[in-house]
Amino acid sequence: MQSLKTANMVLEISKRFRISPSVEKAFLSINREIFVPNGFAHLAYTLDALPMGASQWISSPLTVAKMTEYLQCEGADSVLEIGCGSGYQAAILSRLIRRVFSIERIEKLLLEARARIKLCDIANINTKLDDGQNGWSAYAPYDRILLSASIREIPQSLIAQLSEGGILVAPLEINNAQVITRFVKRNGILSEKQELEHCIFVPVLNGLDKES
């Protein structure tokens, strides 16, 4: 039953946004129901964002599909995600990129995400409690960096941890709106800026939250 529901969800995504065979396969391999909060299982396969506590949201599967495609995962060996949230985006990326590193600043969410990832028997996701704006220098450089929260400008620490020729995708706050934006790192700086589409994400916040 789960596989049928997942297949129908992927079909609904593909009606709205073209996804590649590799991304479709990744979605079909992950049980989204595991990643939604208790009480929301009946909505797991809809294309809606869902609340998950601590004033955070699990992104719509359509949004996850878009962010994944915009990241252009083919050929990448490592990816850094800022904002682990439920763990669903990291789980999708784990099917496409060999090493996934995901940072979450809210301890409660991180512990829940780790439990879900373990339940899925995914072994190539590494998670860390930290302010995502610091990045994760121990495993840098990364071929891809994905921000799963909106930000006004990309921190220099993240730019430094992106491989030369690597791709960074982030929801940028531009003129009172959020725009999914893609960059390529050339000669040590972010260039080839592409504004892809408007979006709504929770904002990047400073510091850690160990009490939510």
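In this predicted model, Ile145 stands opposite Leu168 in strand 7. That pair is a good way into the sheet, where strand 6 and strand 7 pair in the parallel sense over four bridges. Seven strands make up this open, mixed sheet, in the order 5-4-3-6-7-8-9. Here is a short tour of the sheet, the helices on it, the cores and the largest pocket.

**The sheet and its edges**
- Strand 5 (125-129) and strand 9 (189-199) stand at the edges with a single partner strand each, so one side of each has no neighbour in the sheet.
- From one strand to the next, the twist averages 15 degrees.

**Strand pairing**
- Strand 3 (residues 78-82) runs parallel to strand 4 (residues 99-104), and five bridges join them.
- Within that pairing, Glu81 has Ser102 of strand 4 as its bridge partner.
- Strand 3 is also joined to strand 6 by four bridges, again in the parallel sense.
- Here Val79 stands opposite Arg144 in strand 6.
- Strand 6 is largely enclosed by the rest of the structure, because five of its six residues are buried.

**Helices on the sheet**
- Helix 3 (residues 61-70) packs on the sheet and touches strand 6 (142-147), strand 7 (162-174), strand 8 (177-186) and strand 9.
- The direction of helix 3 makes about 145 degrees with that of strand 7.
- Helix 5 (residues 107-119) also packs on the sheet, touching strand 4 and strand 5, and its direction makes about 165 degrees with that of strand 5.

**Nonpolar cores**
- The largest nonpolar core has 46 residues, and Phe27, Tyr88, Ile92 and Val169 have the most contacts inside it.
- Two or more residues of this core come from each of helix 1 (2-16), helix 2 (21-28), helix 3, helix 4 (88-94), helix 5, strand 7 and strand 8.
- Leaving aside neighbours within four places in sequence, Val169 is in contact with several residues, among them Met67, Tyr70, Ile145, Leu147 and Ile180.
- Ile145 itself belongs to a second, separate core of 20 residues, which also includes Ile154, Leu172 and Leu190.

**The largest pocket**
- The largest pocket holds about 710 Å³ of space.
- Its lining has 40 residues, of which Trp57, Ser59, Ser148, Phe201 and Val202 lie nearest the centre.
- Strand 2 (57-58), helix 3, strand 3, helix 4, strand 4 and strand 9 each give two or more residues to this lining.
- Helix 3 gives the most, with five residues.

Methods: Residues are numbered from 1 along each chain as its sequence is written. This is a predicted model: local features need pLDDT of at least 70, side-chain atom pairs count only at pLDDT 80 or more; totals for chains, interfaces and linings use all residues. Side-chain values use heavy atoms; hydrogens and water are left out. Two strands pair if DSSP finds at least two bridges between them. Axes are lines fitted to C-alpha atoms, for helices over the stretch in contact, and angles run from 0 to 180 degrees between N-to-C directions. Contact means heavy atoms within 4.5 Å. A nonpolar core is a set of buried Ala, Val, Leu, Ile, Met, Phe, Trp, Tyr and Cys residues joined through side-chain atoms within 4.5 Å. Buried means under 20% relative accessible area, exposed over 50%, partly exposed in between (1.4 Å probe, protein chains only). On a 1 Å grid over the protein atoms alone, a cavity is a set of points where a 1.4 Å probe fits but cannot get out, and a pocket is an open set with protein on both sides within 12 Å along at least five of seven lines; lining residues have an atom within 4 Å of a point. Grid points are joined across faces, edges and corners, and a volume is the space filled by probe spheres set on the points.
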